[in-house]
Amino acid sequence: MSFDFAVNNAIILSTHNGYVPFIGSVGVKGDSIEYIGEKEIPASDCSKIIDGTDKILMPGFTNAHCHGDMTLARGLGDGMTLLEQNQVFADSAWFYKYIDDDDRYYSRLLTYCEALLSGTTFIMENMYWGLGKRSVEAMKEIGIRGALAEDIRYDFSKPDELLSDEDIIGFVKACSENDIIPVIGSISEEDYDLPRLHKIRQILKKHGLIQTCHLAETPWRIDIVRKRFGTTPIKLLSENSLLGSEMIGSHVVHLDDEEIQLLAENNVKVANTPLCEMKICDGIAPIPKMVRAGVCVCLGTDGAMWNNSNDIFREMKGMALLHSINSGVRSLEIRDVLDMATINGAKAFGLEKEYGSIEEGKKADFILIDTTRPHMRPLVLGKYENVSSAVVYCATGADVSDVFVNGRQLVENHRLIHTDLNQICIKLQETAEKIRQQFYNIPKH
C-alpha cells in the first residue's frame, strides 16, 4: 500500500481503543487515514515520512462554541458579568459602530490561526454579524474545518424578522460547496415567544439544519422565562416539543436533574465553556450528572470577550479541576474530558463517522504534541500509563507542534505553513487601538 505521507513511532491516543496509548504509525492517503497500527511504515511506501518520536498523535479538537468576531476586543470584558457587559457595550452595539467588515474578517482569521496553532481542527463560528461569503472565505483562507452559525434574525433587536428561504438556501449552498457545516443561531431566552419558537423549528426542519442557542446560561435569563411562562427554558421547550437532536445548547449551566433527563431523552447536545463560565461568573454546570445521564457534552471557548483565549487544552484542564472541587475528584474521568474535546464534538455536528478519533477510513484530522518539554515528563506507557493525564493536566496549546486537516499539513514545527500570521496580527493591532480610542474617547495625536 502506498501513502501520501506517514507518521511513524508516535504515541497514539484515541477514544477508539479507550485511550490506551501505544507507539505506532499512521498512513494517510488523500484526505483520509488509510492505516493505523504498530508497524513502522517504510519510506518506500509513501512520499513523505514524519518522525513521530516523542510526540503524541491524537485527533484534532473541536471548539463547538466560539465568537471569532470578538477577538478584536480581547480583554475589554475583564471584570464584568455578562449582564454588566450587555449594559456597558450596548450603546456601541458591541463595538460594531467602530469597526468595518475588514476588521471583523481579520478578527476571525486570527481566531482560526490561534485555534489551529493550539490543536483545534474544527471550530463553530457563532457569528455576531454575518459577513456573507467572506464568512466562508475566512475559514477557507486559514484551512480550518468548521461550522458557521448564521443568526436566524436579520437584526438582534427585531426577533420576528427571520431569514427568508432564499437567504437560507444561499447560506447553505455557500457552506456546502466549501465543506463547511451550515448552522442556524436561534434566539436566547429573553426573546422566547411560542409562535416565534415554533416558526424557527419549522424553518430548521424544512432546511434540515442544526441549531445552536444559548440555553439556561444565566439566572437572569431564566427568571425572564419564569415570569413570562411560569417554568424554566428547558421545561418550556420540552413541553412544546421544541427539544431535539438538531439542537446544540450553549453553556447550559442552571438546570436540575429532571431537565438533565429531558436533554438526554431528546438527544440535545451541550457545548459547555467552563473557563468562560468561571470568568463572567455564570455558574457551574452539572456536567458530571449530564455525562452520567448520557448527554453528549462537548467543549467551546466562547469569544475573547468572555474567555480571552482559544485553547481547548485549557478548557479540558478547567473542566476537570472545576468539577473535582465542585462534585468530587472522581466525578469526571480523564476519558470523559478527552471525549468532550474530540469525539463528542464530532457527534454534535453529526460527523462522528468522519472524524473525532484515529481510525482507518476517517478524515486525516490530527495533531502532534511535543512531549520533550519538562512539564510533559516523565511519560509512561503500559498498564499505569500517564499519557492521557499529561494531555489533560500538563499540555497546553503551545505544545502542539504539527496540525493536519483533511490530510493537509497546516502547522509544522509550531508554525503556520500557508498563512502570514504577522500580517493578520498587525491588522488586528490597528483595529484594537481604533476600538479603544473611540470607546474611551482617547484623543488622537
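Student: Which strands does helix α11 lie across, and at what angle to β6 does α11 run?

Tutor: Helix α11 (residues 312–327) lies across β6, β7, β12 and β13, and runs at about 85° to β6. Helices (H or I, at least four residues) and strands (E, at least two) are DSSP runs, numbered from the N terminus. Axes are lines fitted to C-alpha atoms, for helices over the stretch in contact, and angles run from 0 to 180 degrees between N-to-C directions. The model is predicted: local features need pLDDT of at least 70, side-chain atom pairs count only at pLDDT 80 or more, and totals for chains, interfaces and linings use all residues. Residues are numbered from 1 along each chain as its sequence is written, and side-chain values use heavy atoms, with hydrogens and water left out.

Student: How do you know that β11 and β12 are paired?

Tutor: Two strands pair if DSSP finds at least two bridges between them. Three bridges join β11 (residues 247–251) to β12 (residues 269–272), which run parallel, so the condition for pairing is met. One bridge has G249 with V270 of β12 as its partner.

Student: What makes β6 and β13 edge strands?

Tutor: The open sheet has eight strands in the order β6-β7-β8-β9-β10-β11-β12-β13, paired in parallel. β6 (61–66) and β13 (297–299) each have a single partner strand, so one side of each has no neighbour in the sheet. From one strand to the next, the twist averages 25°.

Student: Which strands does helix α3 touch?

Tutor: Contact means heavy atoms within 4.5 Å. Helix α3 (residues 133–142) packs on the sheet and touches β7 (120–126) and β8 (145–151), with its direction at about 160° to that of β8.

Student: Why is β14 said to be largely enclosed?

Tutor: Buried means under 20% relative accessible area, exposed over 50%, and partly exposed in between (1.4 Å probe, protein chains only). Five of the five residues of β14 (residues 366–370) are buried, so the rest of the structure largely encloses this strand. On one side F366, L368 and D370 are buried, and on the other I367 and I369 are.

Student: What joins β14 to β5 and in which direction do the two run?

Tutor: Five bridges join β5 (residues 55–59) to β14, and the two run antiparallel; L57 has L368 as its bridge partner in β14. Four more bridges, also antiparallel, join β14 to β15 (residues 400–405), where I367 is partnered by V403.

Student: How do you know that Q409 is buried?

Tutor: Q409 has 12% relative accessibility, so it counts as buried. Q409 lies in strand β16 (residues 408–412). Not counting residues up to four places away in sequence, Q409 touches K48, I50, D402, V403, F404, I417 and H418.

Student: Which residues touch the most other members of the largest nonpolar core?

Tutor: A nonpolar core is a set of buried Ala, Val, Leu, Ile, Met, Phe, Trp, Tyr and Cys residues joined through side-chain atoms within 4.5 Å. The largest one has 112 residues, and M290 and M316 touch the most other members. Helix α2 (residues 101–117) gives the most to this core, with eight residues. Leaving aside neighbours within four places in sequence, M316 contacts F61, L299, V337, L338, A341, V391 and V392.

Student: Why is the pair W94 and Y128 called edge-to-face?

Tutor: Rings of Phe, Tyr and Trp (its six-membered ring) pair if their centres lie within 6.5 Å; planes under 30 degrees apart count as stacked, over 60 as edge-to-face and the rest as tilted. The W94 and Y128 ring centres are 6.0 Å apart and the planes are at 65°, so the pair is edge-to-face. W94 is buried at 11% relative accessible area, and Y128 is buried at 14%.

Student: What makes Y128 and W306 a stacked pair?

Tutor: Their ring centres are 6.0 Å apart and their planes are at 25°, so the pair is stacked. Y128 is in the loop between β7 and α3, and W306 in the loop between β13 and α11, so the pair ties together parts 178 residues apart in sequence. W306 is buried, at 4% relative accessible area. W94, Y128 and W306 are among the members of one aromatic cluster.

Student: How do you know that the charged end of R134 sits over the ring of Y105?

Tutor: A charge sits over a ring if NZ of Lys or CZ of Arg is within 6 Å of the ring centre and within 35 degrees of the ring normal. The charged end of R134 sits over the Y105 ring, 4.4 Å from its centre. The charged end of K39 likewise sits over the ring of Y35, 5.3 Å from its centre.
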